[in-house]
Amino acid sequence: MIFNNSNTQISPSATIGKNVRIGDNTIILDRVIIEDHVTIGHNCVIGEPLNDYYSNPDYENPVTRIGAHSLIRSHAIIYAGNTLGEYVTTGHRIILRENNLIGHHTVLGTQADIQGHVKIGSYCRLYTSVVISQLSEIGNYVFLYPFVVLTNDPYPPSNDLKGPSISDFSVIAAHATIFSGVTVGANCLVGAGSVVKQDIADYTLAAGDPAKKVTDIRKYVVMGKGKVYPWMKRFSRDMPWGKAGWENWDPDRSA
Amino acid sequence: MIFNNSNTQISPSATIGKNVRIGDNTIILDRVIIEDHVTIGHNCVIGEPLNDYYSNPDYENPVTRIGAHSLIRSHAIIYAGNTLGEYVTTGHRIILRENNLIGHHTVLGTQADIQGHVKIGSYCRLYTSVVISQLSEIGNYVFLYPFVVLTNDPYPPSNDLKGPSISDFSVIAAHATIFSGVTVGANCLVGAGSVVKQDIADYTLAAGDPAKKVTDIRKYVVMGKGKVYPWMKRFSRDMPWGKAGWENWDPDRSA
Amino acid sequence: MIFNNSNTQISPSATIGKNVRIGDNTIILDRVIIEDHVTIGHNCVIGEPLNDYYSNPDYENPVTRIGAHSLIRSHAIIYAGNTLGEYVTTGHRIILRENNLIGHHTVLGTQADIQGHVKIGSYCRLYTSVVISQLSEIGNYVFLYPFVVLTNDPYPPSNDLKGPSISDFSVIAAHATIFSGVTVGANCLVGAGSVVKQDIADYTLAAGDPAKKVTDIRKYVVMGKGKVYPWMKRFSRDMPWGKAGWENWDPDRSA
């Protein structure tokens with residue numbers, strides 16, 4: 001009922017795997033590779049050409065790869081040169097500018113704007129309307145909540161662009177801004193609305209403008225729940241350790 | 001001139017009322033009910049199937065209902081299972097995930113992201129890019145300004161999701177974040193950029209991170225204007241009391 | 001390869017210049033003027049009718065003008081009554097409500113929401129998801145970073161709408177909120193997450209909630225870089241002074 005193959009356009013130079021579903025009005029451009037078992041929603045553009053296309057008559061679209069079993073929801077715009085791992089899921093209307101490298105099992109929320117030349121690891125979850133500036137690096141198992149911004153310009157406007165780096169297992173709450181060049185360590189929690197101007201050490205709960213250390217995250221107690229971080233010991237949904245639990249998990253085997 | 005009925009797709013199991021206009025490239029999916037005098041813009045998807053659709057061969061789309069006289073602007077994505085009252089108006093590119101219940105005469109601004117299982121009352125006005133997490137509850141006559149976020153996870157990531165509750169006649173200014181489980185009372189005003197971590201009593205003006213009471217809203221004076229809250233006594237545009245005025249209005253009759 | 005002229009709809013009353021490219025599924029409505037050498041991406045709506053259209057049988061669409069050499073990226077929604085200068089570039093999914101006046105060489109980022117009756121000068125750069133309320137005024141060479149909001153209601157909800165004014169060469173960092181009626185002077189820098197409630201004088205670095213003066217911007221020193229503001233003396237990308245440099249530039253000639 002839903003995939004009518006109506007008004008779908010696929011470039012002759014695109015490669016479409018087995019058991020792929022492509023939505024109505026979706027446009028698959030040159031040199032896009034869609035691996036097996038992928039679903040692409042309605043009204044998407046995959047392999048959007050780079051700026052150079054508009055002025056260079058010899059332009060050739062870079063290869064774009066959508067990993068097996070991925071689900072790209074409707075109205076996505078994915079530029080040429082992106083590489084998405086397997087089992088990536090997106091919300092609606094994401095924008096991936098050129099040359100991002102995204103791991104497997106990562107979720108990109110609705111209207112996520114990944115501005116190009118960004119590395120995002122595996123098993124990350126970016127919520128609605130996150131903005132990731134060029135040159136940012138995000139590790140594995142990182143959670144970014146709505147309207148988090150990673151900036152890359154230390155004294156705007158400048159040409160000295162440098163992205164922030166967010167390390168494994170860290171969680172950045174809604175409306176936080178991470179400054180250019182800042183490293184957020186592993187296992188951190190950054191509070192909602194924070195403005196992070198300095199590096200944050202591993203296992204830090206930080207908040208405020210400018211963001212400051214509140215406590216060691218391992219000492220942070222939620223009433224009635226006790227110590228709830230690091231979160232991996234109590235949360236396994238969609239994570240590779242699953243029901244076996246974090247303590248029993250061998251990351252070398254399955255991450 | 002504008003409704004060309006070009007490339008419109010309507011499921012045989014959809015129900016379309018009288019005097020309904022449907023935009024070009026719009027897709028109306030299974031078991032959608034569009035009541036009389038509704039306008040749906042271009043490039044919309046109404047009745048988007050739930051996640052289960054992708055894996056369950058026996059999937060049946062839940063009923064979606066768009067109330068009479070509603071106006072859904074272009075590029076909207078409305079999942080199956082939503083119920084919209086009469087005279088609902090939306091901006092462009094709203095997203096309604098599954099099973100929201102929305103009252104009548106409510107306005108959902110451009111790019112509003114209502115994440116599912118949310119209750120929103122009547123005569124509310126949500127501005128651009130508001131994000132409402134699952135399980136949130138919003139009363140009647142509530143105003144939410146751009147980039148307001150209602151969160152639902154008390155120690156992210158967790159499975160103990162609980163939405164906030166915003167009571168009748170309250171106003172939340174731009175960029176405010178309301179924490180999981182918090183109740184904002186009736187007739188409150190929450191300042192721009194606030195981070196609301198604790199309940200707020202009725203008639204409170206609150207601001208800051210964390211948000212704290214500034215004053216009783218009834219004592220708040222704007223220079224040259226005097227006491228301007230509660231706002232209903234001086235503002236009636238699109239409200240049921242209209243030109244007759246708040247003092248003369250019988251809510252039992254027309255809300 | 002990319003402009004297939006598939007499912008494109010152009011009103012008979014539209015005027016299309018020379019060397020214009022129009023994307024698939026794009027709809028060009030009544031009385032739109034597209035000047036020479038313009039590129040319009042896929043899935044756009046240009047000349048969207050105003051509210052009055054839905055109720056007035058004698059409705060006539062106001063003229064919409066897209067200046068020569070402009071590039072409008074995919075999924076844009078541009079209402080009737082807009083006037084865009086030459087060499088305007090947009091990201092994807094911008095929304096221009098009615099009757100904005102936009103200068104030349106200005107860049108409107110992805111998902112920018114310009115709410116109508118707004119003036120924006122030339123050589124401005126608005127980044128992702130900026131929200132500009134009705135009646136706002138923005139000078140020339142202004143930079144607005146992601147999620148900046150210009151508000152226009154001094155005690156919401158009210159009918160006393162008044163936009164802010166941002167003067168030439170000023171830079172507003174991510175997540176800042178500028179209050180109704182506030183004037184940000186020329187050559188200012190407003191920090192990320194600021195809430196600007198009062199006027200800011202020329203050459204001010206301001207930050208915080210409420211935003212306060214930190215220093216004269218001309219005294220602000222970045223370690224290893226020295227004094228970096230005003231930015232024009234060290235930054236020329238896409239600016240009219242170009243490689244000749246700010247000191248050698250005659251604005252009366254080329255701005």
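Visitor: What makes strand 27 and strand 29 of chain B a pair?

Guide: Strands count as paired if DSSP finds at least two bridges between them. Strand 27 (residues 189–190) and strand 29 (residues 204–207) of chain B are joined by two bridges, so they qualify under that rule. They run parallel, and B:L189 has B:L205 in strand 29 as its bridge partner. A strand here is a DSSP run of E with at least two residues, numbered from the N terminus.

Bear in mind that this is a predicted model, where local features need pLDDT of at least 70, side-chain atom pairs count only at pLDDT 80 or more, and totals for chains, interfaces and linings use all residues. Residues are numbered from 1 along each chain as its sequence is written, chains are lettered from A and ligands numbered from 1 in the order written, and side-chain values use heavy atoms, with hydrogens and water left out.

Visitor: How do you know that strand 29 of chain B pairs with strand 30 of chain B, and in which sense?

Guide: Four bridges link strand 29 to strand 30 (residues 212–216) of chain B, in the antiparallel sense; the rule asks for at least two, so this pair passes. One of the partnerships is B:A206 with B:K213. The hairpin has four residues between the strands, and B:G208 takes a positive phi near 100°.

Visitor: Why are chain A and chain B said to be related as by a rotation axis?

Guide: Copies are superposed by least squares on the C-alpha atoms of residues with pLDDT of at least 70 in both. A rotation of 120° with 0.0 Å of shift along its axis puts chain A on chain B, with an RMSD of 0.0 Å. The two are therefore related as by a three-fold rotation axis.

Visitor: How do you know that C:D160 and B:K225 meet in a salt bridge?

Guide: The rule wants a side-chain nitrogen of Lys or Arg within 4 Å of a carboxyl oxygen of Asp or Glu. The side chains of C:D160 and B:K225 come to 3.1 Å, N to O, so the pair fits. It's one salt bridge across the interface of chain C and chain B.

Visitor: What is the area buried between chain C and chain B?

Guide: About 3200 Å², with carbon and sulfur atoms giving 56%. Buried area is the accessible area (1.4 Å probe) that two parts lose on being put together, summed over both, so that figure covers both chains. C:Y54, C:Y155 and C:P157 supply 21% of what chain C buries against chain B, more than any other three residues.
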